[in-house]
Amino acid sequence: MLSHRSTQAEWMDAADATQPAFEAALRDLARINRLSLAHAPVLRWLEGLAPPGGRLSVLDVGAGGGDLLAAIADWGIRRGVALDLTGLDRSPWSATHAQAMGVPARWITADLFDLDPALRFDAVVCSLFTHHLDDATLVRFLRWIDARATRGWLVSDLHRHWLPWSVVWCGVRALRMAPMVVHDSTVSVARGFVRAEWERAVASAGVDARIRWAFPFRWLVHRG
Ligand SMILES: C[S@@+](CC[C@H](N)C(=O)[O-])C[C@H]1O[C@@H](n2cnc3c(N)ncnc32)[C@H](O)[C@@H]1O
């Protein structure tokens, strides 16, 4: 069942997703990110990019509820790095939710491929985003992120395997998560990646990137 990337659609990507359903999903995604230690590898990677006393502009693509940007903001305060943070998401409910949560970032509501091509950031990150793309669009995205990041970029996304699929299936039900999350979580794992697929995508895009494992069930793909 998980031998190939699934093409099943996620409810989150439906144009008619309602604000209450989408925001409930964002709240539960933030819980999942906390429980699955999703922010730590991104913060460790940023440490290599920005010494204390430095400045850094960061774009988060498919930023959802903005909990990663909030964690980056706290990290910047602890490390003494002056940050200029931007969230990009095509759902208008993402901006509404992030602002209500007090995420200290400016927000752009747009499809990423419609972003002003002249815009550049020191670092571009994304988490749980690339599995939303089909294989051809993923290659296009890798070229896009490589062109937009002056100092480095990092992609963090799910490993496609029966173990995370089963953990997620049980976890979202045990924790009584929102219906959109119950549906999309296992679809997300099934749309995720194995290492060989990242190697092929990176080679097809012609970008210079490292591929690393992140505990418990993620791949990190990054330049810088
Ligand atoms: C699974 S959520 C991940 C949210 C957040 N990064 C996290 O880790 O919790 C994926 C997000 O990507 C956004 N998205 C999907 N396709 C997009 C596109 N083409 N351009 C911009 N945002 C997109 C969705 O609206 C959604 O908020």
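**Fold, ligand shell and local backbone features**

The protein comprises eight helices and seven strands. The model is a predicted one. For a chain of 224 residues, a compact globule would have a radius of gyration near 17 Å, and the value of 16 Å computed for the protein agrees with this. The C-alpha trace spans about 45 × 40 × 30 Å along the principal axes.

The seven strands assemble into an open sheet of mixed pairing, with the order S3-S2-S1-S4-S5-S7-S6. The edges are occupied by S3 (106-109) and S6 (210-214); each has a single partner strand, so one side of each is left without a neighbour in the sheet. From one strand to the next, the twist averages 20°. Strands of a sheet pair through backbone hydrogen bonds, in either a parallel or an antiparallel arrangement. Strands S1 (residues 55-61) and S2 (residues 82-89) run parallel and are joined by seven bridges. Within this pairing, Asp60 has Gly87 of S2 as its bridge partner.

Among the helices, H6 (residues 162-174) and H7 (residues 179-190) have axes that come within 9 Å and cross at roughly 170°. Since angles over 145 degrees count as roughly antiparallel, H6 is therefore roughly antiparallel to H7. On the H6 side, the contact is made by Pro164, Trp165, Val168, Trp169, Val172 and Arg173. The residues contributed by H7 are Val181, Val182, Ser185, Thr186, Val189 and Ala190. Sorted by class, the contact between H6 and H7 contains nine nonpolar, two polar and one charged residues.

The ligand is surrounded by 19 residues, of which Gly62, Gly64, Arg90, Ser91 and Leu128 are the closest. Among the elements of the fold, helix H1 (19-35) and strand S2 each supply at least two residues of this shell. The composition of the shell by class is eight nonpolar, seven polar and four charged residues.

Two local features of the backbone concern loop positions. Most residues other than glycine have a negative phi, and most peptide bonds are trans. Leu37, a residue other than glycine, has a positive phi, near 55°. Leu37 is placed in the loop between H1 and helix H2 (40-49). The peptide bond from Phe215 to Pro216 is cis, its omega being near 0°. Pro216 lies in the loop that runs between S6 and strand S7 (218-223). Strand S6, at one end of this loop, is also one of the two edge strands of the sheet, and in the strand order S7 stands between S5 and S6.

Key. Residues numbered from 1 in each chain as written. Predicted model: local features only at pLDDT ≥ 70, side-chain atom pairs only at ≥ 80, totals over all residues. Pairing = 2+ DSSP bridges. Helix = DSSP H or I, 4+ residues; strand = E, 2+ residues; numbered from the N terminus. Axes fitted to C-alpha atoms, helices over the stretch in contact; angles between N-to-C directions. Parallel < 35°, antiparallel > 145°, perpendicular 65-115°, else oblique. Contact = placed C-beta atoms within 7 Å. Nonpolar A, V, L, I, M, F, W, Y, C, P; charged D, E, K, R; others polar. Near = placed C-beta within 6 Å. Rg over C-alpha atoms; globule rule 2.2 N^0.38 Å.
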